[in-house]
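Subject: A structure for you to look at

Hi there,

Here is the structure I promised to pass on. Please open it next to this email and follow along as you read.

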Amino acid sequence: MSKVDVLLGLQWGDEGKGKVVDVLTPQYDVVARFQGGPNAGHTLEFNGMKHVLRTIPSGIFHREKINVIGNGVLIEPCIFKGEIEALKEKNVDATQNLYISKKAHLILPSHRLMDAANEQSKGKSKIGSTLKGIGPAYTDKVARTGLRVGDILSADFSARFEHLRQQHIQMARMLGFDVESFQLEGIPFAEYEKRWMESLQTLRQFRLINSEYFINQCLRDGKKVLAEGAQGSMLDIDFGSYPFVTSSNTVTAGVCSGLGIAPSSIGRVMGITKAYCTRVGAGPFPTELFDETGKRLCENGHEFGSVTGRPRRCGWIDIPALRYACMLDGVTDLFVTKPDVMDDFDEVKMCTAYSINGQQTDELPFEFNDVKIEPVLQKFEGWKTPLAGTTSYEQLPQRLRTYLDAIEQHTGVHIMAVSISPDRKDVLFK
């Protein structure tokens, strides 16, 4: 019986997971997404083409491979329909190799209404939600009132939809939200709801499966399965910088509940980290840079959200947080992305510990949001060499390899490969 290999982000998201999944997919038979929703944008670039996926696994461009949206994923039908149409424009017919779990939950338009109402009610305490309805949809899942993909096949779906919709509208009004003037994607709410209902027909065109049985049968048949995560480990609902987190388990444990496999079925765990750090939205970020260096990281790295377009906060790589994520995830291999962003830096720094009230520690404190953390920084000479055109790991500048060696030494995890551009061809395996 084969194992499920896992690929996930080790920071606050945006590490380059989509590209890496796309690069690794030829080695697998099945690519399965296990959590998150359309708040996560995975960007792929190849053959001069750039494509952003939100819900669909990043192996979809490999037509001979099966892609699965697992039960732990949230689907917003209107956004999903847009993804399918965008793929058609690139001559990709996703109905041929994309399967969808009947147990995956649906994001209703009123979930997005509630998201906006909740965020407005927080005032200055906003968490920086993407307003895609993720939190409210997971809330209904836990409250056992949510609607799932399999429900669209039932005769009473419309009645159940309307009941939940009315609950959401009532709650939004109680929060003082102006429901009547609310718009989604620049469209009046009522009109968007109509489009949402129509988009269910797109979902019905796909193979809706009991994905837990499907994945486990694939393993019994000896097929190779890659589990694709969304967001990053530091946004995990249990272990991230709560409450500035997402609403699902982004760590390896989420694979078991998000696909329906046993812990003993987990094989390799490949964790992705940038050579520096970024974060979108509010929340603690010990190594954040507010100076020209931070601005250069943002500009050189084109650090703008692939879904939201929001500029990302930038800073030096955070080893305590990275080591923490490696521990939680059981990472067996590291994948480092975007060192090329710092090609022209005279000096590169790495946070190796935190200083809190004069005491040095390499552990993330429970009061992560409430204490002043000073990063303890180790300095490295910049490699001052363009990485473009490098064709092997061994050809990387020695100063960069010294920096990468330090990441390995601090985390205790082997670096599997380095990505030196957004294109799928520029991956250097060690």
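Let's begin with H302, which is exposed because its relative accessibility of 62% is over the 50% cut-off. Before going on, please keep in mind that this is a predicted model. You will find H302 in the loop between helix 9 (292-300) and strand 15 (313-315). Its backbone is worth a look too: H302 is not a glycine, yet its phi is positive, at about 50°.

As background, most residues other than glycine have a negative phi, and most peptide bonds are trans. Both halves of that rule have exceptions in this model, as you will see below.

Another residue with a positive phi is E185, where the angle is near 55° and the residue is again something other than glycine. E185 sits in the loop that links strand 9 (183-184) and strand 10 (187-188). Is E185 exposed or partly exposed? With a relative accessibility of 48%, E185 counts as partly exposed, because that value falls between the 20% and 50% cut-offs.

Now for the peptide bonds. The one that runs from Y242 to P243 is cis, and its omega is near 5°. To find it, look for P243 in the loop between strand 12 (225-228) and helix 8 (253-259).

A155 is a good next stop. This residue belongs to the loop between helix 4 (134-142) and helix 5 (157-174). A155 has a relative accessible area of 88%, so it is exposed. Try finding Q170 as well: A155 and Q170 are 15 residues apart in sequence, and their C-alpha atoms are 25 Å apart in space.

Finally, here is a pair of helices. How do helix 2 (residues 77-89) and helix 6 (residues 189-204) pack? Their axes are 8 Å apart and make an angle of about 55°. The two helices are therefore oblique to each other, and the crossing of helix 2 and helix 6 is left-handed. On the helix 2 side, the residues in contact are P77, C78, I79, F80, K81 and I84. They meet Y192, R195, W196, S199, L200, T202 and L203 of helix 6. Sorted by class, this contact between helix 2 and helix 6 has nine nonpolar residues, two polar ones and two charged ones.

Have fun exploring, and write back with any questions!

Best wishes

Methods:
Residues numbered from 1 in each chain as written. Predicted model: local features only at pLDDT ≥ 70, side-chain atom pairs only at ≥ 80, totals over all residues. Heavy atoms only, no water. Axes fitted to C-alpha atoms, helices over the stretch in contact; angles between N-to-C directions. Helix = DSSP H or I, 4+ residues; strand = E, 2+ residues; numbered from the N terminus. Parallel < 35°, antiparallel > 145°, perpendicular 65-115°, else oblique. Left-handed = near helix turned anticlockwise from the far one by under 90°. Contact = heavy atoms within 4.5 Å. Nonpolar A, V, L, I, M, F, W, Y, C, P; charged D, E, K, R; others polar. Buried < 20%, exposed > 50% of the residue type's maximum accessible area, 1.4 Å probe, protein only.
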